[in-house]
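Reader: I spend my days at the bench, and I would like to learn how to read a structure. Could you take me through one, feature by feature?

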Amino acid sequence: MWQASSDIVLISDPRVAAIPVRECGEPLADVRGRLRVDSRMADAEGAYAHLRAGLLARLERAERLLPDGYHLLVVEGYRPIATQRRIFEEYRTELQATFPEMSPDESYIAASRYVSPVEVAPHTAGAAVDLTLCAPDGTEYDMGTQVDDNPEQSDGACYTAAPNISAEARENRKILAAALEPAGLVNYPTEWWHWSYGDRYWALATGASAALYGPTELP
C-alpha cells in the first residue's frame, strides 16, 4: 500500500497553496538556442521549450557551473493548464485503480508525488523545469531512472535521495544539484529531475514571503 513520506513536504500540502503569488509579469522565453533541449515532450505550440526569462537566465548560470563534459538537457518547461489538469487526473485515476482502498484525499496526495495539482502547479507558471545531464554529444548520463519515471515504475528510485540507485547515478544527481542550487533553484524531492524558481514551492523552501510567478499563457 502506498504511504506518504513524513519527511517530504508534498506540493499538495496546504502550506504550499497558502503562499500568495505576487506576479512579476516576467515573460516566457524560448529555451531553444540558449540551452540544449530534448524533444521527447515536444508539443505543436512549443510550450515545452519555454520558461520564465528569469528562470532561464538562472539555468544558463547553472550551465556554466557544471564540470567539463557535462551539460544541462531540458526536457520540459512550461505546461498549459489544460495539459497539467489532464496529466494529474490521469495519474490519479491510475493510482485509484491500482490501490482501490485509497480514499479520494489519499489519491490526491499520492498523485502529487509525481504531478502537481493544477491549483499550485509550477509548470503552468513557467517556473519549473524537468531536466537531466548529458555529455557534449548528447548522450545522457546515468541518473538512476529516466526523466518522468513515476514512483511505482521506479520502486521509488525517482526520489532525489533514493538509496536504491548506483553510486554513479548518485554522483550525477549531486553534480546536477551542485550547479542548480547556487543558481537559486529548488528541487522537488520526489523527482530528481524537477527543479523550480519563483513558484509557491520555491517560496516555501526558501522562506520567501510570496511566489513571483503564477499561471501564465504563451503569447
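Author: Happily! Let us begin with contacts: two residues are in contact when they have heavy atoms within 4.5 Å of each other. Keep in mind that this is a predicted model.

Reader: Good, let me try that. Which residues is Leu185 in contact with, leaving aside its neighbours within four places in sequence?

Author: Leu185 is in contact with Leu55, Arg58, Leu59, Val129, Leu180, Trp195, Ser196 and Tyr197. Leu185 itself is found in the loop between H6 and strand E6 (186–188).

Reader: And is Leu185 buried or exposed?

Author: The general idea is that a residue under 20% relative accessible area is called buried, and one over 50% exposed. Leu185 counts as buried because its relative accessibility is 3%. Sequence distance and distance in space can also be set side by side here: Leu185 and Ala127 are 58 residues apart along the chain, and their C-alpha atoms are separated by 9.7 Å.

Reader: Now a loop residue with a ring. Where does Tyr159 lie?

Author: Tyr159 lies in the loop between helix H5 (151–154) and helix H6 (167–180). With a relative accessible area of 17%, Tyr159 is buried. Beyond its neighbours within four places in sequence, Tyr159 is in contact with Ile8, Arg113, Pro151, Arg173, Pro189 and Thr190.

Reader: Let me follow one of those partners. What does Thr190 touch, leaving aside its neighbours within four places in sequence?

Author: Thr190 is in contact with Ile8, Leu10, Arg113, Cys158 and Tyr159. Thr190 lies in the loop between E6 and strand E7 (191–196), and it is buried, with a relative accessible area of 0%.

Reader: Cys158 caught my eye. As a biochemist I have to ask: how many disulfides does a search of the whole structure find?

Author: In general, a disulfide is a covalent bond between the sulfur atoms of two cysteines. The search of the whole structure finds 0 disulfides. Cys158 is buried, with a relative accessible area of 1%, and Cys134 counts as buried at 1% relative accessibility.

Reader: Next, helices. Which residues of helix H4 (residues 104–111) are buried?

Author: They are Ser107, Ala110 and Ala111. These residues cover an arc of only 95° around the axis, so they sit on the same side of H4. The general idea helps here: an α-helix has 3.6 residues a turn, so residues three or four places apart point the same way. Part of what covers the buried residues of H4 is helix H3 (81–98).

Reader: What about backbone angles? Which value does phi of Asp148 have?

Author: Phi of Asp148 is near 80°, a positive value in a residue other than glycine. Asp148 lies in the loop between strand E5 (128–134) and H5. To link back to our ring, Tyr159 and Asp148 are 11 residues apart along the chain, with 11 Å between their C-alpha atoms. Asp155 also has a positive phi, near 55°, and is placed in the loop between H5 and H6. Asp155 is exposed, with a relative accessible area of 63%.

Reader: Where is His50, and what surrounds it?

Author: His50 is in strand E3 (residues 50–52). His50 is buried, with a relative accessible area of 11%. Not counting neighbours within four places in sequence, its contacts are Leu28, Ala29, Asp30, Val31, Arg32, Gly77, Tyr78 and Leu218.

Reader: And the end of helix H7 (200–206): what place does Ala211 have?

Author: Ala211 is in the segment after helix H7. Ala211 is buried, with a relative accessible area of 1%. Among the residues it touches are Ile19, Pro20, Val21, Arg22 and Arg200.

Reader: Last topic, empty space. How many cavities of 30 Å³ or more does a search of the whole structure find?

Author: The idea of a cavity is a space where a probe fits but cannot get out. The search finds 1 cavity of 30 Å³ or more. About 80 Å³ of space lies in the largest cavity. Of the 13 residues that line the largest cavity, the closest to its centre are Val120, Ala121, Arg200, Tyr213 and Pro215.

Reader: What classes of residue make up that lining?

Author: The lining of the largest cavity has 8 nonpolar, 2 polar and 3 charged residues.

Key. Residues are numbered from 1 along each chain as its sequence is written. This is a predicted model: local features need pLDDT of at least 70, side-chain atom pairs count only at pLDDT 80 or more; totals for chains, interfaces and linings use all residues. Side-chain values use heavy atoms; hydrogens and water are left out. Helices (H or I, at least four residues) and strands (E, at least two) are DSSP runs, numbered from the N terminus. Buried means under 20% relative accessible area, exposed over 50%, partly exposed in between (1.4 Å probe, protein chains only). The arc is that of the directions from the helix axis to the C-beta atoms. A disulfide is a pair of cysteine sulfur atoms within 2.5 Å. On a 1 Å grid over the protein atoms alone, a cavity is a set of points where a 1.4 Å probe fits but cannot get out, and a pocket is an open set with protein on both sides within 12 Å along at least five of seven lines; lining residues have an atom within 4 Å of a point. Grid points are joined across faces, edges and corners, and a volume is the space filled by probe spheres set on the points. Ala, Val, Leu, Ile, Met, Phe, Trp, Tyr, Cys and Pro count as nonpolar, Asp, Glu, Lys and Arg as charged, and the others, Gly among them, as polar.
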